[in-house]
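Biologist: I would like a close look at a single part of this structure, followed outwards into the parts around it. Please keep the criteria explicit as you go.

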Amino acid sequence: MDFSSVSVLCLGDVMLDRFLYGTMERISPEAPVPVLLLESRREMPGGAGNVANNIISLGGRAILVGLVGQDEAGAVLREALSQQERVVDATVRTTARPTICKTRFIAVHQQVVRADEESRVPLQPEEAEALCRAIDAQIDQVQAVVVSDYGKGVCSPAVLTHVFAMARARSIPVFVDPKTADYTQYRGATCITPNAKELALASGMPVVTEEQAELAARTVMAHADAAAILATRSEKGMMLVRRDGPVLSVPARAREVFDVSGAGDTVIATMALGVGAGMTFEQAMRVANAAAGVVVGKLGTATADIQEVLHELEEQSGPDQMPHLLPLSAACAQVQRWQAQGLKVGFTNGCFDIIHPGHVGLLAEARAACDRLVVALNTDASVNRLKGPARPVNTLESRARVMAAIRYVDAVVSFDEDTPLETIRTLMPDVLIKGADYKPEQVVGADLVVGNGGELVLATLAAGHSTTATIGRIQQS
């Protein structure tokens, strides 16, 4: 999983996050409040700046567009941005408002209080014009756009309309972290990422159950004319609702949560990087779910680096030792986890009744064409229909055990139909492998895989080997 070639334009409310750490030992004699003895401080870009932080932490490149005031906080923020090699500071200087600054006072790993400095003056025409010029100067360099709307003024209708139009003209996906409940302002977005509270507010509907959340997501998706809604649901994980495609949910892994600050920034940054790098929405969502899991286990506005995310993906996958025959749903989840890690998944199928050197050669060549190989076996009933009443010689259970023991094979599933078309449609592998005795147009599912950006490989078959011939020799002996 490599995001080093992906650049993301981060547009939105840029902030300075300040963290003041100390200890509380007594109550003030002036008022019934604790006295915090300050010991250290930390300052970093927040808001849209934290999206940029997440992008570079995961190995991508961020171009940051927002407003920064001509003040002390702005100077600190610009200095922090200058220290980050893979962040392009394209922020606009303004005298119409101060730099947004959030100061958090922390004792014993807990926030005691937060003080915010900001202006609620509407975006001025000259500010909107300068932001649009900054977008125009940078958008041809990026593979994705993130709109980080904190409701502080940058994401005005004029600026949003401009960035959506510019991105649409270049077929660049736009991901929106919403603030307003009026999603018509985000018309033109590719994907909007509300949390449960934001989804309920925007839809005016309950979102407690999966069915309720899906209905609410479809409602706001229609308002925004968006292609997808990715709803983050805290301990319930994430739900991806697409205009064209089934709903997909992934659970959150149980963990100790220290701080949810910035978790939404992590999710949208990871989604933009993943889709910008060519991942499907499903793959990017699984990576985003893992990245968010890393971040909530840290204190403060944190980020996740690529190694932490890869480790979390492995933890979510469970142990490598899998049952010898997976249910299709489990195989689908495993394939998506592998793909989320940037691994190329291959698929081949057959009866594989009596394993012989020809089979082994096919499997070896298949595994060489991918990073993980899934083999689909015809069930006993399917073999019986295809090969006659005397077949299979070995039951599905026996064939699956033998297949799973072959070192080229990473997962085994079965299908009861005459062809594996529906299995292929469900798993949607990156590579489909069949023997070279087939022509491309004869390979079931090839049009699906190739149409989804995958490839078809016709493997060389070792001459002189077949199950039928083996059975014949046994009968003659």
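Which residue in S20 is the bridge partner of Val 431?

Modeller: The bridge partner of Val 431 in S20 is Glu 455. The chain reaches S20 from S19 by way of helix H15 (residues 446-451), and this β-α-β crossover is right-handed, a term that applies if, with the strands pointing away from the viewer, the path from the first strand over the helix to the second runs clockwise. This is a predicted model, in which local features need pLDDT of at least 70 and side-chain atom pairs count only at pLDDT 80 or more, while totals for chains, interfaces and linings use all residues. Residues are numbered from 1 along each chain as its sequence is written, and side-chain values use heavy atoms, with hydrogens and water left out.

The pairing of S19 with S20 is parallel and rests on five bridges, where two strands count as paired if DSSP finds at least two bridges between them. The element names come from DSSP runs numbered from the N terminus, with helices (H or I) of at least four residues and strands (E) of at least two. Strand S19, which spans residues 431-435, is mostly covered, since five of its five residues are buried; buried here stands for under 20% relative accessible area, exposed for over 50% and partly exposed for the range in between, with a 1.4 Å probe and protein chains only. Two bridges join S19 to S16, and these two strands also run parallel, with Leu 432 of S19 as the bridge partner of Phe 347.

Taken as a whole, the sheet is open and has five strands in the order S18-S17-S16-S19-S20, with parallel pairing. Strand S18 (411-415) and strand S20 (455-459) stand at the edges with a single partner strand each, so one side of each is left without a neighbour in the sheet. Direction ignored, neighbouring strands of this sheet are turned by 25° against each other on average, with axes taken as lines fitted to C-alpha atoms (for helices over the stretch in contact) and angles running from 0 to 180 degrees between N-to-C directions. Strand S16 (residues 345-350) runs parallel to strand S17 (residues 372-378) and is joined to it by six bridges. Phe 347 has Val 374 as its bridge partner in S17, besides Leu 432 in S19. Helix H13 (residues 396-405) packs on the sheet, touching S17 and S18, and its direction makes about 165° with that of S17; contact means heavy atoms within 4.5 Å.

Elsewhere in the chain, another parallel arrangement is found around strand S11 (residues 174-177), whose two faces are both covered, with Val 174 and Val 176 buried on one side and Phe 175 and Asp 177 buried on the other. Four bridges pair S11 in the parallel sense with strand S10 (residues 144-148), and Val 145 has Val 174 as its bridge partner there. The route from S10 to S11 passes through helix H4 (residues 157-169) in a right-handed β-α-β crossover. S11 also pairs in the parallel sense with strand S12 (residues 191-192), over two bridges, and Phe 175 stands opposite Cys 191 in S12.

Within helix H4 lies His 162, which is partly exposed at a relative accessible area of 22%. Leaving aside neighbours within four places in sequence, His 162 is in contact with Cys 132, Ile 135 and Asp 136.

Phe 175 also leads to the nonpolar interior, since it is one of the residues that Met 271 touches, along with Leu 230, Phe 281, Ala 284, Met 285 and Ala 288, when residues up to four places away in sequence are not counted. Val 8 and Met 271 touch the most other members of the largest nonpolar core, which has 52 residues; such a core is a set of buried Ala, Val, Leu, Ile, Met, Phe, Trp, Tyr and Cys residues joined through side-chain atoms within 4.5 Å. Helix H8 (residues 281-295) gives the most to this core, with 10 residues. Apart from it lies another core of 47 residues, including Ala 134, Val 163, Ala 167 and Ala 189.

As a setting for these parts, the protein chain has 16 helices and 20 strands, and buried residues make up 51% of its 477 residues.
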